[in-house]
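This report deals with salt bridges, a helix and a cavity. The structure is shown first.

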Amino acid sequence: MVKSRSLMAAGAIATTAVLALVGCSSADGGADDAETTTLTVWVDAERVDALKDVAKAYEDKTDIKVDLVSKANAEIKDDFTQQAPTGKGPDIVMGAHDWLGELVTNGVVAPIELADKQDEFLEVAYEAATYEGQQYLLPYGVENIAVLRNTELVPEAKATFDEMLAAGTFVVESDGSGLANPYHLYPFQTAFGAPVFGSDENGYDTTDLQLGNEGGLAFAQWLAAQGAAGVIDTELTGDIAKERFLSGDAAFWLTGPWNVGVAVDAGIDVAVDPIPTPGTEAAQPFAGVKGFLLNEQSKNKVAANDFLVNYLGTVEVQNALFDSGKVLPALKESADYAASDEIVAGFREVGADAVPMPAAPAMGAVWEFWGIAEGAILNGEDPVATWQKLAADVEAAIAG
């Protein structure tokens, strides 16, 4: 159990620390091999200032300018997908790991050399950076959900799901119109031994659909019981869940770090707890990993790869990115730095059980049917028949 009344104050990266990067980088080769003297990097607005010093350090070392272009989060993926094939896109783009299936399939991102740094990254971050056995993403941040607890209402963490319910009201958001939210319910599904896909040494195996296994059927029956008891309600939107926690009506809220600030600002003493398992296995939330990708059409691949791995993949830069956005860093050493904030430490602890959200295009077929089926079960449909139909529908969609 971890608690805090405030997040760690944001800090600025020291210029001398960033400049120290150049002493250990291998950027000289990038300058010789680049066809132009500028690297264009698309980032979101929150991260631009955090990267200015490292961009200047790279330019001073290599004579290659790094042009940081601020892009809206809602537009960055579509703009990159459209522009990259034409040669007009950036050399490097900030993005999310679950874009990889689409971007790799479309041939717009290039592999990067990251294997020799595997041990430097959190395990889930490195796994998420890998698609079909090859690394494409330089990870910088990891997010997952956990249970927020109002310590005034419930002073101590609860070990099991039933103990949590006995101690206070629990809220988790749904769609609000009869659909469930599979992202938030996934930890409970894994608690019954029902991942979406099986996996092997190269990551998820989308030919091995696990939704319909015995654990999936057990989860469906558990889910039906939660719906009947009113514990999980498909009409409970994210805004309603937030209001119930902020008002003190709910003691527990299953959500992510993006909602901690509003709870702290409301004067709630927040604890970040592990997700209590209702089954026999650990409750494993999805992890979303943020990072940087290399444009397959870049005319500066050597320099861009060097800037990615030897500059953006350093402790100083990842510390600065954390200070700018409070997202748990992907590098272990930077994660240790961030964990001086007890809230971040709590999410990191829960994230030790997290698994990367599948990035394969086949995941689209899962999302298409998943929330509909879970919502139907929560609202009284036969759990076994509904779950079996879900598995069959997903399998058919993937096959055809």
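The text below takes the salt bridges first, then the helix, then the cavity.

This is a predicted model, in which local features need pLDDT of at least 70 and side-chain atom pairs count only at pLDDT 80 or more, while totals for chains, interfaces and linings use all residues. Residues are numbered from 1 along each chain as its sequence is written, and side-chain values use heavy atoms, with hydrogens and water left out.

The structure holds 11 salt bridges (a side-chain nitrogen of Lys or Arg within 4 Å of a carboxyl oxygen of Asp or Glu). Three of them are listed here.

| Salt bridge | N to O distance |
|---|---|
| Glu-143 and Lys-290 | 3.9 Å |
| Glu-296 and Lys-301 | 2.8 Å |
| Asp-393 and Lys-389 | 2.8 Å |

Glu-143 lies in strand β8 (residues 137-144) and Lys-290 in strand β15 (residues 286-295), so their salt bridge ties together parts 147 residues apart in sequence. Strands (E, at least two residues) and helices (H or I, at least four) are DSSP runs, numbered from the N terminus. Glu-143 is buried at 18% relative accessibility, whereas Lys-290 is partly exposed at 25%. Here buried means under 20% relative accessible area, exposed over 50% and partly exposed in between (1.4 Å probe, protein chains only).

Asp-393 and Lys-389 both belong to helix α17 (residues 383-399), 4 residues apart, about one turn of the helix. Lys-389 is exposed at 51%; Asp-393 is partly exposed at 23%.

Helix α8 (residues 182-190) is largely enclosed by the rest of the structure, because 9 of its 9 residues are buried. Among them are His-184 and Gln-189.
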